[in-house]
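Visitor: I'd like a close look at one spot in this protein, and then the wider setting around that spot. Could you walk me through it?

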Amino acid sequence: MKLNEIRTFIAVADAQSVQEAGNRLGLTQSAVSRLIQRLEAELGVVLFDRQTKPLALTRDGELALAHARRILAAASDFADAFAGSAEPRGLLRLGVAHVLTALAAGRPLDDLRAGFPGLTLRLHSDWSNPLIEQVRAGTLDGGLILMCEEQTPPDDLPARRIGTEDVSIVASPDRSAGADLASMNEHGWVLQPNGCRYREALHQALAPLGLQPNVTVEAYDQSLLVSLVARGVGFGLAPMGLIAPIPGAALVRPVDLPGFRMSVTIWLIQSRTTGRIAPVFDRLEEALRRELAAGQTVNQAMERIAFLHSAAE
């Protein structure tokens with residue numbers, strides 16, 4: 001019995017899908033199936049009911065899963081006991097919430113590469129809730145997530161609060177003044193797909209008006225959304241400080257809409273046992289804070305430009 005078989009079994013049980021487990025582990029579907037079959041042969045039991053969708057554990061599988069988690073945790077603890085003095089090397093699996101990719105993939109990424117040349121970074125983008133579950137399951141070493149201001153990450157995961165950002169309605173310069181929420185909705189929105197916390201806030205703001213969000217374009221790529229807003233395709237939602245690294249951010253303006261208030265908090269979470277990569281998270285935290293502060297400075301300058309522009313008119 002090998003640890004990679006146990007790790008694969010846990011991943012399939014958590015994902016309830018051989019294909020999704022393969023995506024998380026960087027393995028082919030056939031490789032995952034072989035590892036599961038090998039473990040079943042070694043244990044002499046059937047771990048999954050393959051007639052169900054999503055894939056479900058058998059009773060033996062449920063019992064095995066509890067043991068498997070303890071074995072994997074013990075193996076991690078064993079490795080961590082000897083990891084304190086060695087330079088961080090190998091693979092760092094980092095999840096990043098969709099709207100935070102511009103923040104993480106710029107200077108913070110360069111800073112990590114410069115500080116830890118023996119480290120290979122594997123970035124995975126997803127919504128915050130799935131990232132939390134993947135860090136908890138051990139398929140990610142850490143994650144950069146976004147939560148509403150009053151929310152906090154689960155208590156069982158080490159977490160570092162990076163900062164809080166106000167979410168603004170953003171528009172092209174010619175549409176950044178004099179519009180109310182109903183007229184904005186009539187023109188349309190460019191937003192991320194369902195699951196985005198900004199989109200949920202907009203839905204709640206429109207509900208008292210008896211309106212549903214009129215989404216004209218949806219995409220995960222924040223750079224694309226910013227460029228569409230700048231071209232006047234629709235209104236958007238974004239923290240100005242977080243989109244500051246995007247080249248097109250200089251072409252959009254925040255819209256002051258009384259009654260619309262939303263803040264989000266950025267958290268860096270990590271798995272319970274990090275071993276030799278623990279210093280990596282210390283450096284990443286510092287780099288993210290610097291980048292966020294730089295973005296806020298740019299945001300303040302943009303707001304000043306917008307104010308002077310409106311005053312001139």
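Visitor: Leaving aside residues up to four places away in sequence, which residues does S271 touch?

Guide: Keep in mind that this is a predicted model. Once residues up to four places away in sequence are set aside, S271 touches V135, L140, D141 and P158. The residue itself lies in the loop between β11 (263-270) and α12 (278-312). Its relative accessibility is 9%, so S271 counts as buried.

One of those partners, V135, takes us to helix α7. The buried residues of α7 are S128, L131, I132, Q134, V135 and A137, so you can see that V135 is on that list. Just after α7 comes G138, with a positive phi of about 90°.

At the other end of α7 there's an aromatic pair to look at. W127 lies in the loop between β4 (119-126) and α7 (128-137), and counts as buried at 18% relative accessibility. Its ring pairs with that of Y220, with 5.7 Å from centre to centre and 55° between the planes, which makes the pair tilted. Y220 lies in the loop between β8 (215-218) and α10 (222-230), so the pair ties together parts that are 93 residues apart in sequence. Unlike buried W127, Y220 is partly exposed, with a relative accessible area of 45%.

Now for the domains. The assignment gives domain 1 (3-82), domain 2 (90-161 + 265-301) and domain 3 (166-262). Domain 2 comes in two stretches, and the loop with S271 starts after β11 (263-270). The largest nonpolar core has 52 residues, and L100, L144, I169, Y198 and I266 are the ones with the most contacts inside it. Domain 2 and domain 3 both give residues to this core, so it lies between them. A general point fits here: in soluble globular proteins, nonpolar side chains tend to be buried together.

Take I169 from that set. Again not counting residues up to four places away in sequence, I169 touches L181, M184, W189, F235, G236, L237, R253, P254, V255, L257 and F260. Apart from this core lies another one, of 20 residues, with I10, V12, A64 and L65 among them.

That brings us to domain 1 (3-82). The search of the whole structure finds 3 aromatic pairs, and one of them is F9 with F48: the ring centres are 5.7 Å apart and the planes are at 70°, so the pair is edge-to-face. F9 lies in helix α1 (residues 3-15) and F48 in strand β1 (residues 48-49), so this pair ties together parts that are 39 residues apart in sequence. Both rings belong to buried residues: F9 has a relative accessible area of 1%, and F48 comes in at 4% relative accessibility.

S30 is another residue to pick out, in helix α3 (residues 29-43). It counts as partly exposed, at 41% relative accessibility. S30 and L202 are 172 residues apart along the chain, and their C-alpha atoms are separated by 43 Å. As for the domains, the C-alpha centres of domain 1 and domain 3 lie 42 Å apart.

If you're after a charge over a ring, R283 lies over the face of F116, at 6.0 Å from the ring centre. Cysteines are a shorter story, as the count comes to 0 disulfides. The sulfur of C148 has its closest cysteine sulfur in C196, 10.0 Å away, which is too far for a bond. C196 is buried, with a relative accessible area of 6%.

Zooming right out, the protein has 12 helices and 11 strands. Its C-alpha trace spans about 75 × 50 × 30 Å along the principal axes. Buried residues make up 47% of the 313 residues, and S271 is one that counts as buried. Of the contacts with a separation of 6 or more, 77% come from residues 24 or more positions apart. So, back at your starting spot: S271 sits in the loop between β11 and α12, touching V135, L140, D141 and P158.

Technical notes. Residues are numbered from 1 along each chain as its sequence is written. This is a predicted model: local features need pLDDT of at least 70, side-chain atom pairs count only at pLDDT 80 or more; totals for chains, interfaces and linings use all residues. Side-chain values use heavy atoms; hydrogens and water are left out. Rings of Phe, Tyr and Trp (its six-membered ring) pair if their centres lie within 6.5 Å; planes under 30 degrees apart count as stacked, over 60 as edge-to-face and the rest as tilted. Helices (H or I, at least four residues) and strands (E, at least two) are DSSP runs, numbered from the N terminus. Buried means under 20% relative accessible area, exposed over 50%, partly exposed in between (1.4 Å probe, protein chains only). A charge sits over a ring if NZ of Lys or CZ of Arg is within 6 Å of the ring centre and within 35 degrees of the ring normal. A nonpolar core is a set of buried Ala, Val, Leu, Ile, Met, Phe, Trp, Tyr and Cys residues joined through side-chain atoms within 4.5 Å. Domain bounds come from an automatic or database domain assignment. Contact means heavy atoms within 4.5 Å. A disulfide is a pair of cysteine sulfur atoms within 2.5 Å.
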